[in-house]
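Dear colleague,

I am handing over the structure we spoke about, and below it I have set out what was found. Please read the notes alongside the coordinates.

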Amino acid sequence: FTPWLHGNRNPFEDPNARGMFFNLGLETTVADMMHAVIEGVCMHLRWQMTAMNKLTPISEIVKFVGGGARTPAICQILSDVLGKPVETVDSPHNVGSVGAAAIIATGLGVFDSIEDIGNNIPVSASYEPQARNAKVYNEIFGIFQDLYKNNKKNYSYILWYYHLSI
């Protein structure tokens, strides 16, 4: 699955890019498609992180937050796709509020510095890349990138055609 449902901005700028499922067959199940959506989002995150890593080094451990971090299967897929350890915290969907409260607490002197905040937010779960899965994801990462490169012209044509038919 390519997750560009509304174009893409990073690591490439293309407002015409669109999502698609690749390599479906009669045996493909709804569960397979749901799994593909998660994998596609993780693959795209890997592509973004690869581009970012060229500008500044990325941590060896990925801190995963947000609603998706509440699901162990998603955390494991992310670890496998990135080939990096992934850590989550309690209530990962509330980190924005926790972060704001921690910054206020620093301003009030509860913490000595911003750096102290991380020491006071414990890791609740850790995920290590599973070698077998990481190997497969490494092999298909290039295919994922090629889905965009090989369809770039088609995306803009299809949108142009769609606007003609409205």
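**Helix α1 and the pockets**

In this predicted model, the buried residues of α1 are Ala36, Gly40, Cys42, Met43, His44, Arg46, Trp47 and Met49. The helix itself covers residues 30–53, and its 24 residues reach 34 Å from the first C-alpha to the last, close to the 34 Å expected at 1.5 Å a residue.

Helix α1 also matters for the description of the largest pocket, since α1 gives the most to its lining, with 7 residues, while α1 and α5 (131–165) each supply at least two. That pocket has a volume of about 480 Å³ and is lined by 17 residues, with Phe1, Phe22, Ala36, Glu39 and Ile140 lying nearest its centre; by class, the lining has 11 nonpolar, 4 polar and 2 charged residues.

The second largest pocket holds about 270 Å³ of space, and of its 15 lining residues Val65, Val89, Val95, Ile121 and Pro122 lie nearest the centre. Both β2 and α3 supply at least two residues each to this lining, which by class has 8 nonpolar, 4 polar and 3 charged residues.

As for the sheet, 3 strands form an open arrangement in the order β1-β2-β3 with mixed pairing, and the edge strands, β1 (62–63) and β3 (123–127), each pair on one side only. β1 and β2 (residues 86–89) pair in the parallel sense over 2 bridges, and lysine 63 has glutamate 87 in β2 as its bridge partner.

Finally, phenylalanine 111, in the loop between α3 (95–107) and α4 (115–119), counts as buried because its relative accessible area of 17% is under the 20% cut-off.

Best regards

Notes. Residues are numbered from 1 along each chain as its sequence is written. This is a predicted model: local features need pLDDT of at least 70, side-chain atom pairs count only at pLDDT 80 or more; totals for chains, interfaces and linings use all residues. Side-chain values use heavy atoms; hydrogens and water are left out. Two strands pair if DSSP finds at least two bridges between them. Helices (H or I, at least four residues) and strands (E, at least two) are DSSP runs, numbered from the N terminus. The expected span of a helix is 1.5 Å times one less than its number of residues. Buried means under 20% relative accessible area, exposed over 50%, partly exposed in between (1.4 Å probe, protein chains only). On a 1 Å grid over the protein atoms alone, a cavity is a set of points where a 1.4 Å probe fits but cannot get out, and a pocket is an open set with protein on both sides within 12 Å along at least five of seven lines; lining residues have an atom within 4 Å of a point. Grid points are joined across faces, edges and corners, and a volume is the space filled by probe spheres set on the points. Ala, Val, Leu, Ile, Met, Phe, Trp, Tyr, Cys and Pro count as nonpolar, Asp, Glu, Lys and Arg as charged, and the others, Gly among them, as polar.
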